[in-house]
Amino acid sequence: MAFDVARIRGLFPALGDGWIHFDGAAGMLVPEQVASAVSTAMRAPVSGPGGAFPASQRAESIVAAARRAVADLVGGEPEGVVLGPSASVLLSRLVDALSDRWTLGDEVVVSRLDEPANLAPWQRAAKRVGANVRWGEIDIETCELPAWQYENLVSARTKAVSVTCASGSVGTRPDVATIVEFANRVGATVVVDATYAAPFVPLDLNALGADVVVVSAQSWGGPAVGALVFRDPEMLERLSSASLEPNARGPARLELGPHAYPLLAGLIASVDYLAGLDDAATGSRRERLVTSLGSAKSYHAGLLAQLSTELRSLRHVMVIGDAMRRIPALAFTIADRKAPEVAEYLASQGLCAFADEGASGVFASLGVGEVGGAVRIGLAHYSNVFEINQLIRVLEELG
């Protein structure tokens, strides 16, 4: 495998700002090829679809290519790819469409590991129809989400199971395949939020077994575009349509209004960027994606292991959780200091990181707010050992 982090860093003009970026929770920086693709598409004549002239045909080509790119990323079919302005917006449309058939007493299963953006739509829908929300609980010591509990969480009344593929807060990667197996026993629809997993882990929709996977291009340095990928494209025809077109078919049933074509061009370029993370990757784009993301996974596992080990060696630092399977994201607290204070000090030393006061999401479940919140660290493709060492050096000064 050839994951050359120095070469990859050269793809990001924004790294010239001189800051060290551990702000992966907000998404990665944008590679030059993505910015160029968006800029080029904005300069080209692009019209609405359905016309017989080149500008209209260009719009249709961009949409089709964007669907193929996302399908390659997750191992799905282009016919099952819904595109939209963000993962949160698309997830809300999906939940609205699914909940149209729920009735009083039905159930939906969510988890404490999920981000608020993947919880709120399900909670709103359940409240609207009188359905019950059941929760997958996390281990407060390890931040694991035990899959065995789902055998009892799902029932004959369960209509949907929603779970994250990886936590952007504490890095945990739950055993989604086992959760899907339990959900399949009762015929529940399974929606997996792969927003934080997609930049670091090769995804295979068929192996995962989920009915729908949610991704956000911003998480890997793409533009503000989200996508839903349906394992069975025919499922789209069975959902209530959100489209303004009464005869909409396929992905268009959950797409509202015209597409942002320049951003879709950037989406395509961002998937191509992922496919080129390993400069030794060959074959189709799907094959190169699997190779490149496999290389990224190995590289970041080593980087995360170093970061975690060195953080745990600092007596005044407490790392939250210790899951076996992870993406390169973690959170920590510092004794006698509130998280916003720590984040401000990091910023004063040229390091970007977010503080979470623990008012919602996984940190609220863990009671992190009672100790002043947590600092979130999100590594990126361009993170390196030097940056890890700088973070440790600065945190040592707070001891």
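A nonpolar core is a set of buried Ala, Val, Leu, Ile, Met, Phe, Trp, Tyr and Cys residues joined through side-chain atoms within 4.5 Å. Buried means under 20% relative accessible area, exposed over 50%, and partly exposed in between, with a 1.4 Å probe and protein chains only.

The model is predicted: local features need pLDDT of at least 70, side-chain atom pairs count only at pLDDT 80 or more, and totals for chains, interfaces and linings use all residues. Residues are numbered from 1 along each chain as its sequence is written, and side-chain values use heavy atoms, with hydrogens and water left out.

**Exercise 1. Describe the nonpolar cores.**

Step 1. The largest nonpolar core has 107 residues, and the members that touch the most others are Leu 267, Phe 332, Ile 377 and Leu 395. Helix α3 (residues 54-74) gives the largest share of this core, ten residues. Helices (H or I, at least four residues) and strands (E, at least two) are DSSP runs, numbered from the N terminus.

Step 2. A second, separate core holds 26 residues, including Ala 87, Leu 90, Ala 126 and Val 191.

Step 3. Now take one residue of the largest core. Contact means heavy atoms within 4.5 Å. Not counting residues up to four places away in sequence, Leu 395 touches Leu 311, Leu 314, His 316, Phe 332, Ile 334, Val 342 and Leu 346.

Step 4. For background, nonpolar side chains in soluble globular proteins tend to be buried together.

**Exercise 2. Compare the span of α3 with its expected value.**

Step 1. The expected span of a helix is 1.5 Å times one less than its number of residues.

Step 2. With 21 residues, α3 reaches 31 Å from its first C-alpha to its last, close to the expected 30 Å.

Step 3. Just after α3, Gly 75 takes a positive phi of about 75 degrees.

**Exercise 3. Work out the strand order and pairing of the seven-stranded sheet.**

Step 1. Two strands pair if DSSP finds at least two bridges between them. The seven strands form an open sheet with mixed pairing, in the order β2-β8-β7-β6-β5-β3-β4.

Step 2. β2 (81-84) and β4 (132-136) each have a single partner strand, so one side of each is left without a neighbour in the sheet. Neighbouring strands are turned by 20 degrees against each other on average, direction ignored. Axes are lines fitted to C-alpha atoms, for helices over the stretch in contact, and angles run from 0 to 180 degrees between N-to-C directions.

Step 3. Follow the bridges from β4 to β6. β3 and β4 pair in the parallel sense over five bridges, and Ser 111 has Gly 136 of β4 as its bridge partner. β3 and β5 run parallel and are joined by three bridges, with Val 109 opposite Val 161 in β5. Strand β5 (residues 158-164) pairs with strand β6 (residues 189-193) in the parallel sense over five bridges. The bridge partner of Val 161 in β6 is Val 190, while Val 163 stands opposite Val 192.

Step 4. Add the helices. Helix α7 (residues 176-185) packs on the sheet and touches β5 and β6; its direction makes about 175 degrees with that of β5. α4 lies across β2, β6, β7 (212-216) and β8 (226-230), running at about 40 degrees to β8.

**Exercise 4. Which faces of β3 are covered?**

Step 1. In strand β3 (residues 107-111), five of the five residues are buried.

Step 2. Side chains in a regular strand alternate between the two faces of the sheet. In β3, Glu 107, Val 109 and Ser 111 are on one side, Val 108 and Val 110 are on the other, and all are buried, so both faces are covered.

Step 3. For β5, six of its seven residues are buried.

**Exercise 5. Place Ser 99 and Gly 358: is each buried or exposed?**

Step 1. Ser 99 is in helix α4 (residues 87-99). Its relative accessible area is 2%, so Ser 99 is buried.

Step 2. The side chain of Ser 99 reaches the backbone oxygen of Asp 96 at 3.2 Å. This is a polar contact: a pair of N or O atoms within 3.5 Å, where within protein one must be able to donate a hydrogen and the other to accept it, and residues adjacent in sequence count only if both atoms are side-chain atoms. Beyond four places in sequence, Ser 99 touches Ala 125, Arg 128 and Val 129.

Step 3. Gly 358 lies in the loop between β12 (354-356) and α12 (361-366). Gly 358 counts as buried because its relative accessibility is 11%.
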